[in-house]
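Here are some short exercises to work through with the model open beside you. Try each task before reading its solution.

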Amino acid sequence: MHFSIPETESRSGDSGGSAYVAYNIHVNGVLHCRVRYSQLLGLHEQLRKEYGANVLPAFPPKKLFSLTPAEVEQRREQLEKYMQAVRQDPLLGSSETFNSFLRRAQQETQQVPTEEVSLEVLLSNGQKVLVNVLTSDQTEDVLEAVAAKLDLPDDLIGYFSLFLVREKEDGAFSFVRKLQEFELPYVSVTSLRSQEYKIVLRKSYWDSAYDDDVMENRVGLNLLYAQTVADIERGWILVTKEQHRQLKSLQEKVSKKEFLRLAQTLRHYGYLRFDACVADFPEKDCPVVVSAGNSELSLQLRLPGQQLREGSFRVTRMRCWRVTSSVPLPSGGTSSPGRGRGEVRLELAFEYLMSKDRLQWVTITSPQAIMMSICLQSMVDELMVKKSGGSIRKMLRRRVGGTLRRSDSQQAVKSPPLLVSDAAASSSPGVTGRQPGVHGQTLKQAECCEPAGDWHSWYRCQCQ
């Protein structure tokens, strides 16, 4: 998740009191809540009591006198860095103190009273599931309600997640983000005030080996089958004419397990596909379609003659990545606190081990750059869980004293770097992937990787 505080607001006090500064906290570029400095200070003090001062990042100090505009801007930047640092820390970012603070602030900002409502959740094939929830229910509460409505067993809930998507005119889904534990799904979707935004249930793992666990259950099998059929129909999964004929035959026979077994062998099975965007690889301003899955980012582009080409960037060959945002300056070329903001430009950049001794930065410019980063992080987390002998099946929700608690195996994992050769590390010693104002992750190499060729040999033709 990418936390930012892009702007501040001067607001009148309650009941005619003195004015105060409100900080707009955005998550992935969308307003999540509006808070005061005193509220954030209270959060900081509570975290300090629970985890100790040495664990926490620096918090901007109090001021005895009113802040000047320059000091307001400085405090905004400091608070933004603070929120980013807390969220990225595996211990602090997963704490109930931090997450409950953001949920309360979200509900208060959107002025949504706690009441029972009906919430529509879509399956990947467009089928609607209507659940009764409270407006104050967090993501895991809503996910459990959907699972109960579908009769999905408790031990399979951890295999699925809720995603916020934008439904396009052709019925396809554009993924905005995976709903997190610090937000209220009903408030998140209704605050966008557009019928285009929906909540979708989709599997949340990348390794198809976990399909076996899900397919043991009738409901799990049906969910996987519906998602796979929908992905094929949308063209997300690459299918030849012969494979399409075989799949159609299995559909007609209602042989769902056999259908999925064949689908597992297809390119881009279980991938998330993003909207068309631009990359600087293999050349500048190259139009591409990015897909995420199977521990890689796949880039597809059309060459002259409508030939479809694809190249893959394995997450285990990425040294680090970051998401950066920029806002075009107004015509005057100057910026001031609280000014109107233009459209934000988001970029995902990662440093990739192209060959044994050659690292290269690759940049993807896309409004979904943060979602791509989230996918990369979840792939790394899954690889680390498997490496440690963990299992998704152990990722169960525990309800203790009326409050949802995660089991130990589901606590946030601090992902150490996975892959970086000694030669690569020494060539760029200063790159860490964590810089002020960016969201990123650093990876290290745990095993030797084969050198990749140049980009001509790196491409694989997927022409049908």
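## Exercise 1: The largest cavity

Task: In this predicted model, how many cavities of 30 Å³ or more are there, and which residues and elements line the largest cavity?

Solution. Start with the count: the rule gives three cavities of 30 Å³ or more. Next, take the volume of the largest cavity, which is about 140 Å³. Its lining is made of 15 residues, and those closest to the cavity centre are Phe-163, Lys-203, Ser-204, Trp-206 and Leu-272. Now turn to the elements: β8 (197-203) and α11 (369-387) are the ones that give two or more residues to this lining. Of the elements, α11 gives the most, with four residues. Finally, sort the lining by class, and you should find eight nonpolar, four polar and three charged residues.

## Exercise 2: The second largest cavity

Task: Find the residues that line the second largest cavity, and say which element gives the largest share.

Solution. First comes the volume, with about 80 Å³ of space in the second largest cavity. Then list the lining: Val-27, Val-30, Leu-31, His-32, Gln-106, Gln-110, Leu-164, Arg-177, Val-187, Ser-188, Ser-191 and Leu-192. Place these on the elements, and β3 (30-36), α4 (96-110) and α6 (185-190) turn out to give two or more residues each. The largest share belongs to β3, with three residues. By class, this lining holds six nonpolar, five polar and one charged residue.

## Exercise 3: A helix pair

Task: Describe how α1 and α2 cross, and name the residues that make the contact.

Solution. Begin with the axes of α1 (residues 37-51) and α2 (residues 69-88): they come within 12 Å and cross at roughly 35 degrees. The handedness follows, and α1 passes α2 in a left-handed crossing. On the α1 side, the contact is made by Tyr-37, Leu-40, His-44 and Leu-47. On the α2 side, the partners are Arg-75, Leu-79, Tyr-82, Met-83 and Val-86. Sorting the residues of this contact by class gives seven nonpolar, one polar and one charged.

## Exercise 4: The whole chain

Task: How many helices and strands does the protein chain have, and what percentage of its residues count as buried?

Solution. Count the elements, and you get 13 helices and 20 strands. Then take burial: 51% of the 464 residues count as buried, with the cut-off under 20% relative accessible area. As a last step, look at contacts between residues at least 6 apart in sequence: 62% of them join residues at least 24 apart.

Notes
Residues numbered from 1 in each chain as written. Predicted model: local features only at pLDDT ≥ 70, side-chain atom pairs only at ≥ 80, totals over all residues. Heavy atoms only, no water. 1 Å grid on protein atoms, 1.4 Å probe; cavity = no way out; pocket = protein on both sides within 12 Å on 5 of 7 lines; lining within 4 Å. Points joined across faces, edges and corners; volume = space filled by probe spheres on them. Nonpolar A, V, L, I, M, F, W, Y, C, P; charged D, E, K, R; others polar. Axes fitted to C-alpha atoms, helices over the stretch in contact; angles between N-to-C directions. Left-handed = near helix turned anticlockwise from the far one by under 90°. Contact = heavy atoms within 4.5 Å. Buried < 20%, exposed > 50% of the residue type's maximum accessible area, 1.4 Å probe, protein only.
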